[in-house]
Amino acid sequence: MSATRSPKVAERVAPKAAEPQPSKKKPRNDDDGPAFSELFAAWIESHRASLIDSLRRLGKQPIGSFFTCLVMAVALSLPMGLSLLLKNVERLGGSWQRAAQISLYMDINASDSDGQALVAKAKALGGVADAEYIDKKRALDEFQQQSGLGEAIKELPENPLPGVVVVTPLEVDKAALEALRQSLSELPSVQQAQLDLVWVERLAAILKLGDRFVFGLTVLLVSALLLVIGNTIRLHIENRRVEIEVIKLVGGTDSYVRRPFLYMGALYGMGAGILSWGILAFGLDWLNGAVVGLSGLYGSDFALGGVPPSDGLSLLLGAVLLGYIGAWIAVARHLRELAPR
Amino acid sequence: MIRFEQVAKRYPNGHVGLHELSFHVRRGEFLFVTGHSGAGKSTLLRLLLAMERPTSGKLLLAGQDLGQITNAQIPFLRRQIGVVFQNHQLLFDRTVFNNIALPLQILGLSKPEIAKRVDSALERVALADKADLYPGDLSTGQQQRVGIARAIVHRPALLLADEPTGNLDPRLAAEIMGVFEDINRLGTSVLIASHDLALIARMRHRMLTLQRGRLIGDGEAGK
């Protein structure tokens with residue numbers, strides 16, 4: 001009996017101070033109880049047996065187990081998929097941001113040669129990738145096309161628009177851009193240097209909103225996932241009520257009773273994680289064809305990224321953990337009801 | 001081994017399971033508890049298994065006060081007890097070997113030790129050749145013997161049996177009682193709740209008689 005053995009084991013580990021310490025190792029006899037190594041091996045064996053038993057039980061109901069995993073996988077895929085899409089949009093936003101430009105509006109009387117000189121001076125500054133001069137006529141043509149005020153503008157006695165030098169910066173950092181704008185505004189012939197980052201800020205705000213949406217959705221779907229796991233484990237508990245009662249009557253502790261269900265929860269989570277990874281990889285690949293086609297129409301070579309291995313592993317680990325936690329909550333809730341009758 | 005001191009059990013619905021019961025069971029003793037249905041036999045066993053707690057009085061088992069025991073201590077208390085049920089409570093999806101091995105797996109014994117002890121328990125109940133069968137493949141008497149083997153495999157200090165011969169014919173019942181006596185001869189205290197007075201009388205052991213939760217007799221059976 002373990003109850004009578006346990007104190008002896010404890011005494012071996014921490015002998016009483018008053019007792020003389022034998023200089024030689026005392027030979028073991030059968031009444032000493034199992035050694036630590038035996039207990040550890042038995043503990044490992046117990047976990048192995050619980051894991052195999054849980055696998056066997058899941059394997060006995062392959063369709064039911066698969067659909068449970070699939071429901072969980074869908075719940076995991078939605079927030080994870082949205083998160084990956086947002087990351088892609090951020091990447092796209094980053095490439096646009098690199099195309100952020102500073103417009104240098106010249107004096108109204110500045111000539112084309114002043115414009116070319118300004119281009120040369122701008123290019124000579126650090127942090128400028130490129131600079132292009134747009135003369136007054138081209139500026140007017142573009143304005144007529146974009147504003148829809150073509151006829152009205154034609155009535156003007158003279159062209160009211162100045163020449164513009166469009167500067168493409170090297171860096172995308174907002175502070176660096178502002179410093180560059182300041183330097184450019186001090187160049188001769190420049191009346192106004194305008195840095196337009198409003199659209200970048202708008203995109204950032206949209207992405208922030210998207211992040212919050214994904215977070216809210218994640219919380220909701222994780223709760224749903226815990227309920228799915230909890231309900232599944234509750235059914236397993238109901239099916240094994242007699243076994244649990246017998247285990248408790250022959251001295252099984254709560255942790256012994258809980259163990260196979262925790263493995264089961266973790267296995268459901270692992271199955272769901274693998275399925276979810278597959279769904280996301282397939283889904284992003286499927287979407288990518290359309291995205292590449294669309295971005296090609298805009299002259300971009302943008303393509304959706306797949307599921308990075310680190311994100312996939314995090315998804316898998318998170319799913320296992322969620323399965324484990326869901327099972328823990330379910331068993332903890334029902335353990336009291338499992339008292340032998 | 002067991003000491004009941006004015007132990008009473010009253011249920012919230014007003015039913016009284018036991019009235020101030022007092023008796024003492026020595027280590028290694030063989031004892032019957034008898035009485036009609038509702039006499040309190042099952043309540044007594046449930047108290048000993050810490051499935052219920054006494055409402056008043058003191059109940060000691062191997063020196064432990066079962067009225068004060070914590071929930072965490074209960075599994076370790078039960079490891080000192082073997083239990084045999086009238087309906088066997090076997091797990092039909094496990095082999096005979098695995099049914100009997102269950103208490104040893106819970107104790108965390110090594111595989112070779114479990115195999116050794118299960119084989120020994122199976123020999124003691126004369127089922128050595130049935131280890132790989134499932135309980136559904138066995139007769140009722142054999143199933144009861146598997147239940148006994150599971151109850152004794154971890155060498156408990158006390159063996160409790162609730163109507164262990166209730167579903168058996170007289171020949172099988174006598175055979176099962178013989179197994180209990182063999183176990184008792186090895187030093188295990190045995191407490192059997194039964195209403196089979198004819199069988200009890202033949203065995204000439206101490207017998208407690210309960211009636212409506214009260215102890216009305218304590219003496220050797222058959223006298």
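Visitor: In this predicted model, how many of the twelve residues of α3(B) are buried?

Guide: Helix α3(B) is mostly covered. Its buried residues include Val96(B), Asn99(B), Ile100(B) and Pro103(B), and also Leu104(B) and Leu107(B). The number of buried residues among the twelve is nine.

Visitor: Are the axes of α3(B) and α5(B) roughly parallel or roughly antiparallel?

Guide: The axes of α3 (residues 96-107) and α5 (residues 140-152), both of chain B, come within 7 Å and cross at roughly 30°. Angles under 35 degrees count as roughly parallel, and therefore the orientation of α3(B) relative to α5(B) is roughly parallel.

Visitor: Which residues of α5(B) are met by α3(B)?

Guide: The two helices pass each other in a right-handed crossing. On the α3(B) side, Val96(B), Asn99(B), Ile100(B) and Pro103(B) take part, and their partners in α5(B) are Val146(B), Ala149(B) and Arg150(B).

Visitor: How many nonpolar residues does the contact of α3(B) with α5(B) have?

Guide: Among the participants, Asn99(B) lies in α3(B) and Arg150(B) in α5(B). By class, the contact has one polar residue, one charged residue and, as for nonpolar residues, five.

Visitor: Which element gives the largest share of the largest nonpolar core?

Guide: This core has 41 residues, and Ile100(B), Val118(B) and Phe180(B) are among those that touch the most other members. The elements giving two or more residues to this core include α3, α4 (111-124), α5 and α6 (170-185) of chain B. The largest share, seven residues, comes from α6(B).

Technical notes:
Residues are numbered from 1 along each chain as its sequence is written. Chains are lettered from A and ligands numbered from 1 in the order in which they are written. This is a predicted model: local features need pLDDT of at least 70, side-chain atom pairs count only at pLDDT 80 or more; totals for chains, interfaces and linings use all residues. Side-chain values use heavy atoms; hydrogens and water are left out. Axes are lines fitted to C-alpha atoms, for helices over the stretch in contact, and angles run from 0 to 180 degrees between N-to-C directions. Helices (H or I, at least four residues) and strands (E, at least two) are DSSP runs, numbered from the N terminus. Angles under 35 degrees count as roughly parallel, over 145 as roughly antiparallel, 65 to 115 as roughly perpendicular and the rest as oblique. A crossing is left-handed if the near helix is turned anticlockwise from the far one by less than a right angle, and right-handed if clockwise. Contact means heavy atoms within 4.5 Å. Ala, Val, Leu, Ile, Met, Phe, Trp, Tyr, Cys and Pro count as nonpolar, Asp, Glu, Lys and Arg as charged, and the others, Gly among them, as polar. Buried means under 20% relative accessible area, exposed over 50%, partly exposed in between (1.4 Å probe, protein chains only). A nonpolar core is a set of buried Ala, Val, Leu, Ile, Met, Phe, Trp, Tyr and Cys residues joined through side-chain atoms within 4.5 Å.
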